Amino acid sequence: MSGWNGMTYDGKDTMLRVVRQEAAQFLDMVDHDEAWERPTGAGHWQVRDIVGHIVDTTEAYFVAFDAARSATPVDPAYGLPGMADRVNQQAEALRELPRAALVDRLRTDLDKMMGIFDALTEDEWSNLLVPHFYMGPLPAFFYPAFQLMDYGVHSWDVRQGTGRAHGLAGEAADLLTPFMFVLWKYTVTSGEQQPCTLGIRICSGPNAGDTRVTIGADGMDYTAGDVSDVAAVLEFDPGSFVLTAFGRTNAGTIRGDKAVADRYLNLFFRI
């Protein structure tokens, strides 16, 4: 649907609007003393650790965009398998900063980041390759999506820590849906994989549809298409899909061979 694919320039305005929307409500939730050391849905992290993580991540993006525009050489990508440990170290290194100072720093970082995104031209959205610290060169459009992951999914984490029933914002889930296939593709556990093909069905939202997923010795690949002939189909609403791909919950409806579905769902490492 027009405007809801953040991988195209047509989706830029929608993507940036929803990033701002999710960031604003995230900042409102975390900028209180009573929330600062509350547990979250992100493992052992407290709210202050999530804020520190987004500060660290965003400031790394400034370095990446500067390198892309100046054609400055960068070190090889760190790789995704070690990402979780390093991200944790970087976040906890900021743990003792006062709340007001760290949140103000994040607000400043957000304004600067959104200014960079706003200035991206149609050509740059897809063709400016920006070196991600963990993944290597990526088209610029990935970075607004990464910010939406940070502010959208981590807002879910903060709400999870309150113990109240809640869910993932629909617009954020809709925009993130196509990126979850990329997340899964690059977090398949290394090693020889028994070949199989299954389907992922997104049942609602502007990015609803069927995707054929193939697992084999070379990892995972995917393409939109008919899934009537596959061994199993996993059905998700957008929010459940995003939260499952991020390892926050075990959700989805299995149609067909449960053993194939179970093997697939347990192939991935967490970042």
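Q: Which residues lie nearest the centre of the largest pocket, and how many residues line it?
A: In this predicted model, His 53, Thr 57, Met 83, Val 87 and Tyr 134 lie nearest the centre, and the lining has 47 residues. The space in this pocket is about 1100 Å³. Helix H3 (47-70) is among the elements that give two or more residues to the lining, and H3 gives the most, with eight residues.

Q: What makes Cys 196 count as buried?
A: Happily, this one is quick to settle. Buried means under 20% relative accessible area, and Cys 196 has 12%, so Cys 196 is buried.

Q: Why is Cys 203 called partly exposed?
A: Its relative accessible area is 46%. Partly exposed lies between 20% and 50%, so the term fits Cys 203.

Q: How do you know that Cys 196 is in no disulfide?
A: The nearest cysteine sulfur, that of Cys 203, is 20 Å away. A disulfide needs sulfur atoms within 2.5 Å, so Cys 196 is in none. A search of the whole structure likewise finds zero disulfides.

Q: What makes Lys 112 count as sitting over the ring of Phe 62?
A: The charged end of Lys 112 is 4.3 Å from the ring centre. The distance limit is within 6 Å, so Lys 112 meets that part of the rule.

Q: What is the distance for Arg 86 and Tyr 78?
A: Arg 86 lies over the face of Tyr 78, at 5.7 Å from the ring centre. That value also fits the limit of within 6 Å.

Methods: Residues are numbered from 1 along each chain as its sequence is written. This is a predicted model: local features need pLDDT of at least 70, side-chain atom pairs count only at pLDDT 80 or more; totals for chains, interfaces and linings use all residues. Side-chain values use heavy atoms; hydrogens and water are left out. A charge sits over a ring if NZ of Lys or CZ of Arg is within 6 Å of the ring centre and within 35 degrees of the ring normal. Buried means under 20% relative accessible area, exposed over 50%, partly exposed in between (1.4 Å probe, protein chains only). On a 1 Å grid over the protein atoms alone, a cavity is a set of points where a 1.4 Å probe fits but cannot get out, and a pocket is an open set with protein on both sides within 12 Å along at least five of seven lines; lining residues have an atom within 4 Å of a point. Grid points are joined across faces, edges and corners, and a volume is the space filled by probe spheres set on the points. Helices (H or I, at least four residues) and strands (E, at least two) are DSSP runs, numbered from the N terminus.
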